[in-house]
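Here is a small set of exercises to work through with the model open beside you. Try each task on your own before reading the solution below it.

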Amino acid sequence: MNEYTYPILFGVIIGVAIRLVMLRADYRQYPTYLHGKVIHISLGFIAASLGTIAVPAIMELEFTAVTFLTIAASQFREVRNMERNTLTELDAYELVPRGNTYIEGIAIAFEARNYLVIFTSLLATLSFLVWNIWVGLAVSFVCFFIVRKFMSGKTLKDIVKIEYVQPHFEGAGLYVDNIYIMNIGLPQRQEEIGEYGMGFVLTPKNFNVRSTIANLGQRQAILHDISISMGVFRDSGTPALVPLIKRDLDDGRIGVFVLPQERDKEKAIKIIGAVPVLENAIRMPSESKANKDKEDLK
């Protein structure tokens, strides 16, 4: 053993611990299978080792040894590809799919978490070597709270107002409030929708939100999450029972039509409110130069 043994062990342990914190199963139930967890914990160990060893390498003036971090970056990009391919294959067997936008967001998150592990291990080891283990622990706790912050982004309840509206028929047309959803001609399907159907209207809180909730990937994420959490009254080969979201073209509201097996309005509103705002769906039209120039003219 030498002077770097304990700092390296400390940095690796902190990095793996941070990865374990980020590897939690939630209502999306991914990853829960054993082999998936083993893969991500192993990659977390590699990321922690890379971040930790970089500090002694720099202190020993072995600057060429730090170049392996660039190799690590290319390897962790493969993590994103692995997650994307796996979830895309699984999505074909979902009654209500996640959608490509949701899958891409999950894949990016898994890649980014390995980089967070690298930075945490690097800072923890550096603090241990420069000062002592107590400072290293303090820095680790700060990194822990930063990581938790990165894990929790905006949810729909932050950007929209959610109201329950009972779906209704006007002839063969199915409506949620005044938003047209689809055409249902079979009386049997109309009865099933009347018994099991639930509708919600999501009203954007500002102009930017209109574009965000109009994104088809964001809409599919809403349908997937509520169907996973509350069940769905449908099977393969029943297109009339597919949950749908349609948009009011006049004011940007969206009407959500779902057929949950558990009909609980308050719970459904909470679930919709907890749906993450997908990074790839966020739009900021008010920040465009054209809109800003228009405001200046006023």
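## Exercise 1: The four-stranded sheet

**Task.** Find the residue in strand 7 that is the bridge partner of Leu 244, then work outwards to the sheet around this pair.

**Solution.**

Step 1. Leu 244 has Phe 257 of strand 7 as its bridge partner. Keep in mind that you are looking at a predicted model.

Step 2. Now look at the two strands as a pair. Strand 6 and strand 7, the latter covering residues 254–258, are antiparallel and share four bridges.

Step 3. Zoom out to the whole sheet. Four strands make an open sheet in the order 1-5-7-6, and the pairing is antiparallel. Strand 1 (160–164) and strand 6 (244–247) each have a single partner strand, so they form the edges, with one side of each lacking a neighbour in the sheet.

Step 4. Check the twist. On average, neighbouring strands of this sheet are turned by 20 degrees against each other, direction ignored.

Step 5. Finish with the helix that packs on the sheet. Helix 9 (residues 265–273) touches strand 1 and strand 5 (198–204). The direction of helix 9 makes about 40 degrees with that of strand 5.

## Exercise 2: The three-stranded sheet

**Task.** What is the strand order in the open sheet of three strands, and which strands are at its edges?

**Solution.**

Step 1. The order is 2-3-4, with antiparallel pairing. Strand 2 (168–170) and strand 4 (179–183) are the edge strands, each pairing on one side only. From one strand to the next, the twist averages 40 degrees.

Step 2. Take the pairing of strand 2 with strand 3 (residues 173–176). These strands run antiparallel and are joined by three bridges. Within this pairing, Glu 170 lies opposite Gly 173 of strand 3. The hairpin of strand 2 and strand 3 has two residues between the strands, and Gly 171 takes a positive phi near 70 degrees there.

Step 3. Move on to strand 3 and strand 4, which are antiparallel and paired over four bridges. Tyr 175 faces Tyr 180 of strand 4 across this pairing. This hairpin also has two residues between its strands, and Asp 177 takes a positive phi near 60 degrees.

Step 4. Ask what happens on the two faces of strand 3. In a regular strand, side chains alternate between the two faces of the sheet. Gly 173 and Tyr 175 are on one side of strand 3, with Leu 174 and Val 176 on the other, and all are buried, leaving both faces covered.

## Exercise 3: The second largest pocket

**Task.** Which helix gives the most to the lining of the second largest pocket, and how many residues of each class are in that lining?

**Solution.**

Step 1. Start with size: this pocket has a volume of about 160 Å³.

Step 2. Go through the lining. It is made up of Leu 95, Val 96, Pro 97, Leu 216, Arg 219, Gln 220, Leu 223, Val 242, Pro 243, Leu 244 and Ile 245.

Step 3. Assign residues to elements. Helix 8 (216–230) and strand 6 each provide at least two of the lining residues. Helix 8 gives the most, with four residues.

Step 4. Sort by class: nine residues of the lining are nonpolar, one is polar and one is charged. Leu 244, the residue from Exercise 1 with Phe 257 as its bridge partner, is among the lining residues.

## Exercise 4: Two helix residues

**Task.** Is Ala 221 buried or exposed, and which residues does Arg 77 touch?

**Solution.**

Step 1. Locate Ala 221 in helix 8. Residues under 20% relative accessible area count as buried. Ala 221 has a value of 0%, so it is buried.

Step 2. List its neighbours. Leaving out residues up to four places away in sequence, Ala 221 touches Arg 98, Tyr 102, Val 275 and Leu 278. The C-alpha atoms of Ala 221 and Pro 97 are 8.2 Å apart, although 124 residues separate them along the chain.

Step 3. Turn to Arg 77, which sits in helix 3 (residues 68–91). Arg 77 is partly exposed, with a relative accessible area of 44%. Arg 77 touches Glu 111 and Tyr 115, again not counting residues up to four places away in sequence.

Key. Residues are numbered from 1 along each chain as its sequence is written. This is a predicted model: local features need pLDDT of at least 70, side-chain atom pairs count only at pLDDT 80 or more; totals for chains, interfaces and linings use all residues. Side-chain values use heavy atoms; hydrogens and water are left out. Two strands pair if DSSP finds at least two bridges between them. Axes are lines fitted to C-alpha atoms, for helices over the stretch in contact, and angles run from 0 to 180 degrees between N-to-C directions. Contact means heavy atoms within 4.5 Å. On a 1 Å grid over the protein atoms alone, a cavity is a set of points where a 1.4 Å probe fits but cannot get out, and a pocket is an open set with protein on both sides within 12 Å along at least five of seven lines; lining residues have an atom within 4 Å of a point. Grid points are joined across faces, edges and corners, and a volume is the space filled by probe spheres set on the points. Ala, Val, Leu, Ile, Met, Phe, Trp, Tyr, Cys and Pro count as nonpolar, Asp, Glu, Lys and Arg as charged, and the others, Gly among them, as polar. Buried means under 20% relative accessible area, exposed over 50%, partly exposed in between (1.4 Å probe, protein chains only).
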